[in-house]
Amino acid sequence: MANMFYECDKNGDGLDEDEMLKYLEMNDEEIARWLRNFDIDKDKKITFVEFFKAFFFRESESNFPNAFAADYEGSN
Ligand SMILES: [Ca+2]
Ligand SMILES: [Ca+2]
């Protein structure tokens with residue numbers, strides 16, 4: 001899961017809207033939902049720490065795109 005995150009975050013500053021659009025093929029609505037759910041410090045970027053916290057606490061599991069869900073299940 002971490003590898004996939006870093007592959008999407010090309011410049012290492014967290015996932016921003018462009019990266020989610022390009023690499024995760026998310027639409028505007030999904031991106032807005034991710035930012036609302038995961039972007040704890042509201043800088044419009046989702047860092048791996050923010051992402052991991054949200055995932056770990058399973059607050060928004062159903063919001064994860066299939067690619068991430070598949071990778072997560074595969075790693076068990
Ligand atoms: Ca980035
Ligand atoms: Ca953030």
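This report walks through a predicted model of one protein chain, from its overall layout to a few single residues.

**The big picture**

Let's start with the layout. The chain contains 5 helices and 0 strands, and if you read along the sequence you get the pattern α-α-α-α-α. Of the 76 residues in the chain, 16% are buried. Now take the contacts with a separation of 6 or more: 48% of them link residues that sit 24 or more positions apart.

How far can you trust the model? The mean pLDDT of the chain is 80, and 72% of its residues reach 70 or more. Confidence is highest in H2, with a mean of 94, and lowest in helix H5 (residues 66-74), with a mean of 53. So keep H5 at arm's length as you read, given that mean of 53 for pLDDT, the predictor's confidence on a scale from 0 to 100.

**The core**

Next, look inside. The largest nonpolar core has 9 residues in all: Phe5, Leu15, Met20, Ile31, Trp34, Phe38, Ile46, Phe51 and Ala54. Two helices, H3 (28-38) and H4 (48-56), each supply at least two residues of this core. H3 gives the largest share, with 3 residues.

Met20 is a nice core member to click on. Apart from neighbours within four places in sequence, Met20 is in contact with Leu15, Met26, Ile31 and Trp34. Leu15, Ile31 and Trp34 are listed in the core too.

**Two helices, each with an inside and an outside**

Here is a handy bit of background. An α-helix has 3.6 residues a turn, so residues three or four places apart point the same way.

Now try H3. Its buried residues are Ile31, Trp34 and Phe38. These residues are on the same side of H3 because they cover an arc of only 60 degrees around the axis. Turn to the face pointing away from that buried side, and you find the exposed residues Asp28, Glu29, Ala32 and Arg36. What lies over the buried residues of H3? The cover includes H2 and H4.

H4 can be read in the same manner. Glu50, Phe51 and Ala54 are the buried residues to look for here. Looking down the axis of H4, you would see them fall within an arc of 100 degrees, so they line one face of the helix. Glu50 is buried, while Phe51 and Ala54 are buried and also belong to the core. On the face of H4 turned away from the buried side are the exposed residues Val49 and Phe56. The cover over the buried residues of H4 includes helix H1 (2-8) and H3.

**Residues worth a closer look**

Phe48 is found in helix H4. Is Phe48 buried, exposed or partly exposed? Phe48 counts as partly exposed, because it has 16 C-beta neighbours inside 10 Å. Leaving out neighbours within four places in sequence, Phe48 is in contact with Ala2 and Phe5. Phe5 is one of the core residues.

Leu24 sits in the loop between helix H2 (17-23) and H3. Leu24 is partly exposed because 18 other C-beta atoms lie within 10 Å.

Both Phe48 and Leu24 can be paired with a residue from elsewhere in the sequence. The table gives the C-alpha to C-alpha distances.

| Pair | Apart in sequence | Apart in space (C-alpha to C-alpha) |
|---|---|---|
| Leu24 and Cys8 | 16 residues | 7.4 Å |
| Phe48 and Asp9 | 39 residues | 9.3 Å |

Finally, check two backbone angles in the loops. Glu25 lies in the loop between H2 and H3, and it has a positive phi of about 50 degrees although it is not a glycine. Glu25 counts as exposed because it has 10 C-beta neighbours inside 10 Å. Lys44 is in the loop between H3 and H4. Its phi is positive as well, at about 70 degrees, and Lys44 is not a glycine either. With 12 C-beta neighbours inside 10 Å, Lys44 also counts as exposed, since the cut-off for exposed is 12 or fewer.

How values were computed
Residues numbered from 1 in each chain as written. Chains lettered and ligands numbered in written order. Predicted model: local features only at pLDDT ≥ 70, side-chain atom pairs only at ≥ 80, totals over all residues. Core = buried A, V, L, I, M, F, W, Y, C linked by C-beta atoms within 7 Å. Buried ≥ 20, exposed ≤ 12 C-beta atoms within 10 Å, placed from the backbone. Helix = DSSP H or I, 4+ residues; strand = E, 2+ residues; numbered from the N terminus. Contact = placed C-beta atoms within 7 Å. Arc of directions from axis to C-beta.
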